[in-house]
Amino acid sequence: MKIIMLGAPGAGKGTQAQMICDKYNIPHISTGDLFRSNIKNGTELGKKAKEYMDKGQLVPDELTVELLLDRVANEDCKDGYVLDGFPRTIPQADVLDKELTKLSDKIDFAIDVEVPDENIVRRMSGRRACLKCGATYHIEHIPPKQEGICDRCGSELVQRDDDKPETVQNRLSVYHEQTQPLIEYYNSKNILKTVDGTKDMNDVFEDIVKILG
Ligand code: AP5
Ligand code: MG
């Protein structure tokens with residue numbers, strides 16, 4: 001099963017992607033996590049990506065597409081995957097579509113997690129992330145068992161550099177301008193499914209499982 005998660009920054013794409021991957025035993029591929037891990041390891045790609053991410057802008061397609069195509073070519077992706085944060089522009093979606101068509105393959109579902117902008121800034125300010133395994137928490141709604149420590153891998157939790165309120169505003173405008181058009185793109189391919197992301201995370205997940213079957 002191949003799934004794309006759509007939705008504004010902070011809508012809960014990563015949270016739901018992780019739950020889907022745990023249930024269906026397929027890899028969770030987040031381009032944001034891949035960039036953050038490159039930044040942490042001080043790679044050339046990480047240095048370039050950080051310039052854009054810190055401003056809340058998209059990393060250019062030419063840096064992003066190759067990273068993603070390399071990742072999905074891995075052996076662990078042969079039975080499916082969840083893409084979280086990719087595609088984010090129409091050109092990225094076109095490249096993915098072309099690559100999959102070459103393999104006589106396709107995306108099964110594009111799931112749009114809908115959350116109004118008003119809720120987003122509040123969610124982001126309470127988010128804590130594990131840069132090692134990608135797990136995400138919220139200090140009020142979804143706290144870790146032990147404060148500041150990841151439940152999954154025991155690493156330290158941090159606040160993301162791009163979760164400052166002014167950067168979040170910018171990420172939201174970039175989302176509306178460049179990423180939201182993908183909703184119509186996948187609707188026209190008849191694979192778009194929409195869920196209400198303002199519900200409790202377990203209820204959102206239940207709605208997604210009903211869609212996936
Ligand atoms: P990325 O890491 O993908 O960030 P994003 O899309 O902005 O989304 P987030 O990770 O912020 O939010 P999310 O939807 O995953 O929400 P989460 O589950 O964490 O990208 C970062 C940057 O990398 C981009 O700005 C760009 O520069 C670059 N980039 C990445 N991919 C790219 C691409 N393809 N092309 C170009 N550039 C790219 O949830 C948010 C918070 O809410 C958490 O604290 C969570 O615990 C909480 N929460 C989740 N669900 C609920 C719920 N139901 N109720 C209450 N709280 C909840
Ligand atoms: Mg995320």
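**A parallel sheet and the shell around ligand 1**

Let me begin with the sheet, which is open and made of 5 strands in the order β2-β3-β1-β4-β8, with parallel pairing. The edge strands, each of which pairs on one side only, are β2, covering 28–30, and β8, covering 192–196, and from one strand to the next the twist averages 25 degrees. I should say at once that this is a predicted model.

At the β2 edge, β2 and β3, the latter being residues 81–84, pair in the parallel sense over 3 bridges, and Ser30 has Asp84 as its bridge partner in β3. Helix α9, residues 201–212, packs on the sheet, where it touches β1, β4 and β8, and its direction makes about 160 degrees with that of β8.

Turning now to ligand 1, we find 36 residues surrounding it, of which the closest are Thr15, Gln57, Arg88, Arg127 and Arg171. For Arg88, a polar side-chain atom lies 2.4 Å from an oxygen atom of ligand 1, while for Arg127 the corresponding value is 2.6 Å, again from a polar side-chain atom to an oxygen atom of the ligand. Ala11 contributes through its backbone, with an N or O atom 3.3 Å from an oxygen atom of ligand 1. Taken alone, the ligand exposes 1000 Å², and the protein buries 96% of that.

Which elements give two or more residues to this shell? They are α1, α2, α6 and β6, and the largest share, 4 residues, comes from α2.

Finally, an unreviewed UniProt entry lists residues 127–162 as "domain: Adenylate kinase active site lid"; over that stretch the chain is 0% helix and 25% strand, with its end C-alpha atoms 11 Å apart.

Terms used:
Residues numbered from 1 in each chain as written. Chains lettered and ligands numbered in written order. Predicted model: local features only at pLDDT ≥ 70, side-chain atom pairs only at ≥ 80, totals over all residues. Heavy atoms only, no water. UniProt positions renumbered as here; feature names shortened; annotations may be inferred. Pairing = 2+ DSSP bridges. Axes fitted to C-alpha atoms, helices over the stretch in contact; angles between N-to-C directions. Contact = heavy atoms within 4.5 Å. Near = heavy atom within 4 Å. Polar contact = N/O pair within 3.5 Å; in protein donor to acceptor, adjacent residues only side chain to side chain. Areas by Shrake-Rupley, 256 points an atom, 1.4 Å probe, with all protein chains shown as cover.
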